[in-house]
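Biologist: Before we discuss the labels attached to this model, could you show it and then explain what each label rests on?

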Amino acid sequence: QVQLVESGGGLVQPGGSLRLSCAASGSIFSIYAMGWYRQAPGKQRELVAAVTSGGSTNYADSVKGRFTISRDNAKNTVYLQMNSLKPEDTAVYYCKVVLTTTPGPALKEYWGQGTQVTVSS
């Protein structure tokens, strides 16, 4: 079994910053990719940013230049540094990890429980 523990959400004023963390633990053989998604009320869940084991990153256009994703492979942890936050960034943010639990190509996806980010004055 694999567990994801997220932290770092909260209430912040427009223009402020927050840093989200997601730590993976349990029966992990190898992590392929880690990423952050978000879901605002009444909207579909969308990709915010992702990073592969090789360090390649991908960002939603709406966060480019403001958010930075990084990972600590030794700690199986992914971070999302969010700067210049806007009210439209308000959402529940979810961590997703793609990994294998045994040697071989069988990839599995795991999701965190979500953490609320609210940007408001």
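Modeller: A strand here is a DSSP run of E with at least two residues, and strands are numbered from the N terminus. With that convention, Ser 84 is placed in the loop between strand 8 and strand 9. Please keep in mind throughout that this is a predicted model.

Biologist: What makes Ser 84 partly exposed?

Modeller: The label applies between the limits of under 20% for buried and over 50% for exposed. Ser 84 has a relative accessible area of 41%, so it is called partly exposed. Its backbone also deserves a remark, since Ser 84 has a positive phi of about 50 degrees although it is not a glycine.

Biologist: Where does Asn 76 lie, and why is it called partly exposed?

Modeller: Asn 76 lies in the loop between strand 7 (67-72) and strand 8 (77-82), and its phi is near 50 degrees, which is again a positive value in a residue other than glycine. The relative accessible area of Asn 76 is 24%, and because this falls between the 20% and 50% limits, the residue is called partly exposed.

Biologist: Which pattern does the chain follow when it is read along the sequence?

Modeller: The pattern is β-β-β-β-β-β-β-β-β-β-β, in keeping with a count of 11 strands and zero helices. The radius of gyration is 14 Å, and the globule rule gives 14 Å for 121 residues, so the chain is as compact as a globular protein of that length. Along its principal axes the C-alpha trace spans about 50 × 25 × 25 Å, and 40% of the 121 residues count as buried. Of the contacts between residues at least 6 apart in sequence, 55% join residues at least 24 apart.

Biologist: How do you know that strand 1 and strand 3 pair?

Modeller: Two strands are said to pair if DSSP finds at least two bridges between them. Strand 1 and strand 3 are joined by six bridges in the antiparallel sense, so the criterion is met. One of the partnerships involves Glu 6, whose bridge partner in strand 3 is Cys 22. The side chains alternate along strand 1 (residues 2-7), with Val 2, Leu 4 and Glu 6 buried on one face, and Gln 3, Val 5 and Ser 7 pointing to the other face and not buried.

Biologist: Why is Ser 21 called buried?

Modeller: Ser 21 has a relative accessible area of 18%, and because the cut-off is under 20%, the residue is called buried. Ser 21 is found in strand 3 (residues 18-26), and beyond its neighbours within four places in sequence it is in contact with Val 5, Glu 6, Ser 7, Trp 36, Val 78 and Tyr 79.

Biologist: What makes Val 97 buried?

Modeller: The relative accessible area of Val 97 is 0%, which is under the 20% limit, so the residue counts as buried. Val 97 lies in strand 9, and residues it touches, not counting those up to four places away in sequence, include Leu 4, Ile 31, Met 34 and Glu 109. The C-alpha atoms of Val 97 and Glu 109, which are 12 residues apart along the chain, are separated by 5.7 Å. Leu 99 is placed in strand 9 as well, and its relative accessible area of 0% is why Leu 99 is also called buried.

Biologist: How do you know that strand 9 and strand 11 pair?

Modeller: Strand 9 (residues 91-100) and strand 11 share three bridges in the antiparallel sense, and because at least two are required, they count as paired. Within this pairing, Val 117 in strand 11 is the bridge partner of Ala 91. Strand 11 is also joined by three bridges to strand 2 (residues 10-12), and these two run parallel, with Leu 11 standing opposite Thr 118. Strand 11 (residues 115-119) has a covered face with Thr 115, Val 117 and Val 119, and an uncovered one with Gln 116 and Thr 118.

Biologist: Why is the charged end of Arg 45 said to sit over the ring of Tyr 94?

Modeller: The distance part of the criterion asks for CZ of Arg within 6 Å of the ring centre, and the direction must lie within 35 degrees of the ring normal. The charged end of Arg 45 is 3.7 Å from the centre of the Tyr 94 ring, so the distance limit is satisfied. The charged end of Arg 45 also sits over the ring of Trp 111, 4.7 Å from its centre.

Definitions and conventions: Residues numbered from 1 in each chain as written. Predicted model: local features only at pLDDT ≥ 70, side-chain atom pairs only at ≥ 80, totals over all residues. Heavy atoms only, no water. Helix = DSSP H or I, 4+ residues; strand = E, 2+ residues; numbered from the N terminus. Buried < 20%, exposed > 50% of the residue type's maximum accessible area, 1.4 Å probe, protein only. Contact = heavy atoms within 4.5 Å. Rg over C-alpha atoms; globule rule 2.2 N^0.38 Å.
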